[in-house]
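Q: Hi! Could you walk me through this structure?
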Amino acid sequence: MTSALEKAKAPPTNVPRDGPDLTGAELDDKLAKTWSNPPGFIGWLSSVDHKDIGRRYIITALVFLALAGLLAAVIRLQLSRPGNDFISAQRYNEIFTMHGTTMMFLFAVPVMQGMQIYLTPLMLGTRSIAFPRLTAFSFWMYLAGGSLLWVAFILNIGPDIGWFAYPPLSGPQFGIGKRADIWAQMVTFTEIAALAVAVSLTATILKQRAPGMTLPRMPIFAWATLVTSLMVIFSMPSVALTSSMLLSDRLVGTQFFNPAERGDVLLWQHLFWFFAHPEVYIIFLPATGFVSEIVATFSRRSIVVYPIIVLSLVATGILAFGLWVHHMFATGLPRVGYSFYTAASIAVSVPTGLQIFAWIATIWEGRPKMQVPMLYVIAFIITFVIGGLTGVIIAAVPLDLQLHDTYFIVAHFHYVLIGGAVFPLLGAITYWFPKFTGRMMSDALGKTSFWMIFLGFQLAFFPMHIAGIYGMPRRVYTYPAGMGLELPNLLSSIGSAVVAAAVLLFVINMVKSVLAGRKAKPNPWGAPGLEWVTSCPPPRYNFAHIPVVESRTPLWDAGETMQVIHGLRVEDRELLLTTVLSAEPDVREPSAKPAPWPLIAAIAVTVMFVCSIFSPWAVLFGTVPATVALVAWFWPKSPVPDPEPTIS
Amino acid sequence: MNMRPTFTRDVAELPTHAFSYRSLTWWGIIGFMVIEGVAFAMAIAAYFFLMSQEQSWAPQPWEPPSFVAGTLFTIVMLLSEIPNTMVKKAAESYDVGRVRRLMPWIVAIGVLLLILRGFEFNSLNILWYENAYGSILWTLLLLHTVHIGTDWVDTVVLWRLMKTPHGEEPRRLVDTDENALYWRFVWLTWLPIYALIYWVPRLFR
């Protein structure tokens with residue numbers, strides 16, 4: 001047998017590789033065979049293709065958006081007139097908890113990560129994501145966590161404690177039954193999923209960029225993905241820890257949040273918001289990445305002041321960790337605490353403001369085409385600026401204390417989250433729809449639904465500012481007549497019906513376009529990024545040859561031909577690793593084949609987590625099947641190693 | 001590919017493995033270290049948050065933890081870095097035989113540490129449900145025990161794998177190298193936790 005050292009020095013040469021002698025249709029056939037999924041339903045479940053996983057994430061997240069949207073419609077129906085008894089106070093508590101929890105944990109973060117999983121490897125010019133099985137595992141965990149929450153809701157044991165689940169309401173004394181446990185364990189599922197994706201994306205961005213794609217040449221969306229992934233890595237352990245503390249307070253009698261036994265309910269608020277404030281930016285920064293890509297393409301020029309935009313993303317990512325206490329102004333703080341967190345909350349608007357000016361300058365300097373994705377960008381800028389400005393003013397403590405827990409805050413965060421994230425997302429879906437499906441979305445339907453969403457949104461949420469200033473509290477299932485709240489609430493309810501109809505129209509457009517939309521050319525918008533080098537939709541292997549990049553806008557600068565490297569294996573899954581800063585070709589890396597183990601491991605972990613809601617022993621006994629599944633996942637399936645490394 | 005390719009560099013000669021930051025899995029492991037490190041940091045923050053509200057720490061009348069088991073654990077843990085460095089260096093010099101000889105020692109040290117850890121739980125002088133001080137002590141110790149346990153299982157699996165013909169594959173030596181890197185993280189995170197469990201409750205009585 002060859003020694004390890006000899007093997008390391010002399011890779012075999014008699015292996016088929018892409019290159020001048022193996023290109024075109026013959027290469028495509030071989031690569032398609034190597035990178036395809038196994039046949040049948042089991043093969044479908046075993047897929048580790050980042051495009052499959054990204055698509056599954058996006059579709060599942062959109063289903064959760066629809067479910068949470070239905071709950072929003074019920075809320076608006078209940079609040080459309082004073083003293084309404086359409087739903088009871090208890091049911092209302094469950095509904096607003098499910099709405100907020102679903103939107104934040106099951107829609108907003110996963111849909112952004114789904115887009116990142118799908119798009120990032122294509123934008124970077126690589127054949128797969130860094131840890132495809134881990135990414136597959138993350139999807140199954142996310143699906144299990146979301147299903148747990150919704151099955152519980154349907155069985156009438158859904159949480160009723162608000163999306164931030166403050167103790168003592170969620171603690172053992174007041175949170176009776178299993179409602180709070182289900183909420184806390186759902187958090188564990190989604191955090192594991194998000195963290196796994198964040199690690200995969202970070203490694204992909206740092207190690208798998210196309211040769212020549214130095215960090216300063218990376219697409220801005222990839223920068224946004226890198227920053228958000230690092231934010232996930234630094235913020236989500238906090239909520240995973242604190243939700244575990246809440247579970248253990250409820251299940252095994254720890255006393256973290258019990259003031260009678262030296263605990264403190266504010267500990268929850270600190271640990272929760274240390275995660276949940278950055279989470280807002282984890283949702284928002286990918287959206288700014290969409291905006292940068294869309295603005296450049298539709299303005300037909302490269303983005304103005306690229307370094308400022310990148311630095312703004314990084315600065316926002318860092319500043320986001322210094323703001324969490326502004327959610328706790330009403331709990332009482334030392335004076336210096338008030339001053340610091342007010343200053344930090346105002347400061348974070350500066351990098352975002354810089355990005356907005358950069359986009360406006362790019363549009364100004366370019367030759368803008370007002371197609372649907374660009375319309376969403378304009379709507380985003382208008383809406384987000386309004387939401388941002390209300391954010392800046394409530395950073396001031398006296399105003400915050402006045403408006404805390406009123407509908408003004410509800411208006412503010414819907415302006416920043418829907419305006420700041422959902423509008424760019426709808427633009428991004430329209431923009432990359434040909435990449436996902438090979439077909440264009442209908443322009444006429446797209447424009448109609450855009451105007452309905454944009455105007456309906458303003459009608460739904462602007463009056464909430466007024467209701468909040470009049471003193472209407474959040475999370476109260478009804479309100480009395482004669483306080484000036486009737487008109488703003490009625491307008492909001494009408495507006496939300498318009499938004500619901502518009503979203504339905506958007507979905508109809510998607511379905512219609514998938515089935516019978518106009519076929520897309522490879523680069524239908526004339527965009528500059530690498531994801532448009534390959535066909536629509538891309539083949540399983542993404543790129544027949546790995547492209548070489550020499551600028552930030554490779555397709556605009558390439559001319560008739562594309563420079564590529566060659567020499568990767570075609571009969572085994574192989575990637576090219578490049579150096580972290582300068583993206584020099586460095587290592588040939590095997591990529592994992594499809595396997596059922598991520599799904600099996602996710603099932604084992606799910607059984608453990610769900611049972612641990614009822615007994616702490618489940619944690620101990622549940623680790624056995626989970627460990628077996630993980631070892632089987634890792635263990636090589638052939639008795640002797642292949643001539644060159646594979647991951648079977 | 002929709003544009004005609006112009007072939008530049010042939011990458012067939014590149015290696016199929018690399019150590020340290022050139023390896024893809026190294027970045028994955030660093031990512032998970034940061035995640036676990038942040039979880040520890042937040043647990044430590046919770047510790048100080050609870051401590052800041054007390055007149056004395058450990059709160060009266062609870063006795064601080066007895067430190068024999070914990071100190072013994074710490075000494076063994078620090079000494080474990082010697083065989084750990086040896087196996088890391090053996091992996092980096094492609095010495096499969098030496099890796100195979102050293103791995104059982106690493107596994108045995110893990111068993112010893114897990115036994116000592118059992119005694120540590122018994123020497124905290126408080127149970128997790130008595131008050132928040134007890135809860136946070138148990139949490140810190142439990143979190144680190146999960147750390148030791150998962151790394152021990154990893155090491156056993158790797159040891160068994162290295163004994164097969166797959167052990168000759170250079171990428172498995174990269175795995176061994178990264179497993180040793182992770183062990184460094186495990187003992188480094190223990191040092192502040194050791195101080196917080198055994199010494200801070202003595203110093204702030």
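A: Happy to: two residues are in contact if their C-beta atoms, placed from the backbone, lie within 7 Å. This is a predicted model, where local features need pLDDT of at least 70, side-chain atom pairs count only at pLDDT 80 or more, and totals for chains, interfaces and linings use all residues. Residues are numbered from 1 along each chain as its sequence is written, with chains lettered from A and ligands numbered from 1 in the order in which they are written.

Q: How many residues does each chain give to the contact?
A: Chain A gives 71 residues and chain B gives 53 residues.

Q: And which elements of chain A touch chain B?
A: Those supplying at least two residues each include α7, α8 (220–251), α9 (265–299) and β2 (561–566). Helices (H or I, at least four residues) and strands (E, at least two) are DSSP runs, numbered from the N terminus.

Q: What does β2(A) pair with?
A: β2(A) pairs with strand β1 (residues 4–10) of chain B, in the parallel sense over 5 bridges; strands pair if DSSP finds at least two bridges between them. Val564(A) stands opposite Phe7(B) there.

Q: Switching to α7(A): buried or exposed?
A: Buried: 29 of its 29 residues are, so α7(A) is largely enclosed by the rest of the structure. Buried means 20 or more other C-beta atoms within 10 Å of a residue's own, with C-beta atoms placed from the backbone.

Q: What about chain A as a whole?
A: Buried residues make up 58% of its 648 residues, and its secondary structure comes to 20 helices and 4 strands.

Technical notes
Buried ≥ 20, exposed ≤ 12 C-beta atoms within 10 Å, placed from the backbone.
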